[in-house]
Amino acid sequence: MPLLARGGARQARLWTYVRDDRPFAGGAPPAALFFFSTDREKVHPNRHLDGWTGILQADAYGGYNDLYHASHRPAPVLSALCWSHARRKFFELADIKATARKGRSVAEEISPVALEAVQRFDAIFDIEREINGLTAEARHDARQRLVRPMVQDLHNWLRTERARMSKHNPVAKAINYMFEEDGRWDAFTCFLDDGRICLTNNAAERALRGVALGRKAWLFAGSPRGGDRAAFMYSLIVTARMNDIAEMGLGWLFLSAFTSATLLPGSSEVLLGAMATRGEWSMASLLLWATLGNTLGSMTTWWLGWLATHKKKPE
């Protein structure tokens, strides 16, 4: 996200954390939480996820490494790396259409190894699409039978091809992404042993789509405070859409929560705490919570939000 600065704009960051249990038929409602920062230093995810442990599915950005360390409390976070990021590196070397548009010879520019790698990745993705929405146990069983042999074959083939290449070969660099550090391959393959883990972090990528589209409507955040407000609103809007809240109601919720974001520091954390709790979802309950956030303290707002989202709908 561009941030207005002296003499122009500089690159700031929006971080997004998404929970979506629907791929393994989980019961928790989906939620997305955004944070703004002026840089991409590792101190930010360390602060965002302080005191949390679980499964973190992301790319191989080194800023998350402290979370995986044995010293992280209450327990180390489990790293589950994204296969879409790995596939993309091969796809860029095997994109026939893009090569043709540049006026280059496809036969000379397209790597046959990269092309085969993409085909092997796609075969795994096809199976994952078929088991999407099944229970964690059913996904685990299907992966053991169908996906694990394909992943092992991919591993052996990539290792063999890598041994034949110069370290400067672009395909070698794509292969190294999956192997170059200790534990990297284990982080890519942990999904095989846990049906809750997805093959990719595309849920987070989808949550960020609105940010990319929004750049056509606005140029930059005017200040860090403006970036924080944008993060709050993205958290609200994306979470509402993930839970199929009507667009008209979403507009009222946006207006009401804007005041809450302005007056209540830390309101994004409180918002997602209320929205992520288990219970019945309704536009009225969320609108009530956001409106009360204008004047009430954070602990009281949390409690009222919890009550609102747990209130049973009339028969």
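Which residue lies over the face of Tyr61, and at what distance from the ring centre? It is Arg40, at 3.9 Å from the ring centre. Welcome to this structure, which is a predicted model. Let's walk through its rings and then its helices.

**Aromatic pairs**

The count of aromatic pairs in this model comes to eleven. Two of them are set out here.

| Pair | Arrangement | Centre to centre | Angle between planes |
|---|---|---|---|
| Trp83 and Phe188 | edge-to-face | 6.1 Å | 90 degrees |
| Phe90 and Phe121 | tilted | 5.7 Å | 40 degrees |

Take Trp83 and Phe188 to begin with. Trp83 belongs to helix H3 (residues 83–91) and Phe188 to helix H9 (residues 184–189), so their pairing ties together parts that are 105 residues apart in sequence. Both Trp83 and Phe188 are buried.

The pair of Phe90 and Phe121 also links distant parts of the chain. Phe90 is found in helix H3, while Phe121 sits in helix H6 (residues 112–130), and their positions lie 31 residues apart in the numbering. Are these two rings buried or exposed? Phe90 has a relative accessible area of 0%, so it counts as buried, the limit being under 20%. Phe121 is likewise buried, with a relative accessible area of 0%.

These four residues belong to a wider group. Ring pairs join Trp83, Phe90, Phe121 and Phe188 with Tyr177, Phe179, Trp185 and Phe191 in a cluster.

**Where H7 meets H8**

Phe179, one of the residues in that cluster, also has a charged partner. The charged end of Arg159 is placed over the ring of Phe179, 4.2 Å from its centre. Both residues turn up again in the contact between two helices.

How do H7 and H8 cross? The axes of H7 and helix H8 (residues 170–179) come within 10 Å of each other, crossing at roughly 130 degrees. That angle makes H7 oblique to H8. The crossing of H7 and H8 is left-handed. On the H7 side, the contact is made by His155, Leu158, Arg159 and Arg162. On the H8 side, Ala172, Ile175, Asn176, Met178 and Phe179 take part.

**A last stop on H7**

Gln152 is also found in helix H7, which spans residues 136–163. With a relative accessible area of 41%, Gln152 is partly exposed; it falls in between because buried means under 20% and exposed means over 50%. Gln152 and Thr189 are 37 residues apart in sequence, and their C-alpha atoms are 9.6 Å apart in space.

Notes:
Residues are numbered from 1 along each chain as its sequence is written. This is a predicted model: local features need pLDDT of at least 70, side-chain atom pairs count only at pLDDT 80 or more; totals for chains, interfaces and linings use all residues. Side-chain values use heavy atoms; hydrogens and water are left out. Helices (H or I, at least four residues) and strands (E, at least two) are DSSP runs, numbered from the N terminus. Buried means under 20% relative accessible area, exposed over 50%, partly exposed in between (1.4 Å probe, protein chains only). Rings of Phe, Tyr and Trp (its six-membered ring) pair if their centres lie within 6.5 Å; planes under 30 degrees apart count as stacked, over 60 as edge-to-face and the rest as tilted. A charge sits over a ring if NZ of Lys or CZ of Arg is within 6 Å of the ring centre and within 35 degrees of the ring normal. Axes are lines fitted to C-alpha atoms, for helices over the stretch in contact, and angles run from 0 to 180 degrees between N-to-C directions. Angles under 35 degrees count as roughly parallel, over 145 as roughly antiparallel, 65 to 115 as roughly perpendicular and the rest as oblique. A crossing is left-handed if the near helix is turned anticlockwise from the far one by less than a right angle, and right-handed if clockwise. Contact means heavy atoms within 4.5 Å.
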